[in-house]
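Trainee: I am new to this structure and would like a close look at a single part of it. Could you walk me through one helix and what surrounds it?

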Amino acid sequence: MNPVDHPVPTAPAPGDTLPTLTVPLTRTLIVAGALASRDYQDVHHDPEAARAKGSPEIFMNILTTNGLVGRYLTDYFGPRCTLRKVAIRLGAPNYPGDTMVLSGTVIEVIEVKGGTEAVVRVVGTNGIGHHVTGTVTVGLPEGAV
């Protein structure tokens, strides 16, 4: 998904649903995300250490999840949007070999000086259940939609 494929046709309104984004959960994505965010916890890159700590496999860290949520929204709302507030919570771990599907629904639209803010409820599910849930406030400058 990218802004060219999914432009925001009109100003967002409560109840609008965003197209889903499917993210294959590869070992490379999980390890690279942990390293890029300087999270060197062994459970994010060492399968033996993860198993020793009670996990069946390495798993994605919250900073990588946060980045994917941000990408999901900026891909949809476009390059002029800003993420004003991100409030997410993790649930089921993202393990390699699974897939996460992100979905979103606009729950509130607020007119602010210089533009609009859209509050979006985001859910990311995998084969186990909800990996991430939360809300993100996206700032849309005047003329962006």
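Mentor: Let's start at the end of helix 3, where the next residue is Gly78, with a positive phi near 100°. Please keep in mind that this is a predicted model.

Now step back into the helix itself. Helix 3 covers residues 62–77, which makes 16 residues. At 1.5 Å a residue, a helix of that length should span 22 Å, and the C-alpha atoms at its two ends are 23 Å apart, so the expected and modelled spans agree.

Which residues of helix 3 are buried? They are Thr64, Thr65, Leu68, Val69, Gly70, Tyr72, Leu73, Asp75, Tyr76 and Phe77. If you follow them outward, you will find that they pack against helix 1 (27–36) and against five strands: strand 1 (17–24), strand 2 (82–90), strand 3 (99–112), strand 4 (115–125) and strand 5 (130–141).

Take a moment over the last two names in that buried group. Searching the whole structure turns up one aromatic pair. It is formed by Tyr76 and Phe77, whose ring centres are 4.9 Å apart and whose planes meet at 85°, so the pair is edge-to-face. Tyr76 has a relative accessibility of 12% and therefore counts as buried, since the cut-off is under 20%. Phe77 is buried as well, because its relative accessible area is 6%.

From here, let's visit the partners of helix 3. Strand 4 and strand 5 are both among them, and the loop between these two strands holds Asn126. Asn126 has 10% relative accessibility, so it counts as buried. A polar atom of the Asn126 side chain lies 2.8 Å from the backbone nitrogen of Ile128. Beyond its neighbours within four places in sequence, Asn126 touches Ala92, Pro93, Asn94, Asp98, Thr99 and His131.

Helix 1 is another partner, and the loop that joins helix 1 to helix 2 (47–52) contains His44. His44 counts as buried because its relative accessibility is 6%. Setting aside neighbours within four places in sequence, its contacts include Ile30, Val31 and Ala34, along with Ile58, Phe59, Met60 and Asn61.

The loop between helix 1 and helix 2 also holds Arg38. Is Arg38 buried or exposed? At 67% relative accessibility, Arg38 counts as exposed. Its phi is positive, about 60°, although Arg38 is not a glycine. Most residues other than glycine have a negative phi.

Terms used
Residues are numbered from 1 along each chain as its sequence is written. This is a predicted model: local features need pLDDT of at least 70, side-chain atom pairs count only at pLDDT 80 or more; totals for chains, interfaces and linings use all residues. Side-chain values use heavy atoms; hydrogens and water are left out. Helices (H or I, at least four residues) and strands (E, at least two) are DSSP runs, numbered from the N terminus. The expected span of a helix is 1.5 Å times one less than its number of residues. Buried means under 20% relative accessible area, exposed over 50%, partly exposed in between (1.4 Å probe, protein chains only). Contact means heavy atoms within 4.5 Å. A polar contact is a pair of N or O atoms within 3.5 Å; within protein, one must be able to donate a hydrogen and the other to accept it, and residues adjacent in sequence count only if both atoms are side-chain atoms. Rings of Phe, Tyr and Trp (its six-membered ring) pair if their centres lie within 6.5 Å; planes under 30 degrees apart count as stacked, over 60 as edge-to-face and the rest as tilted.
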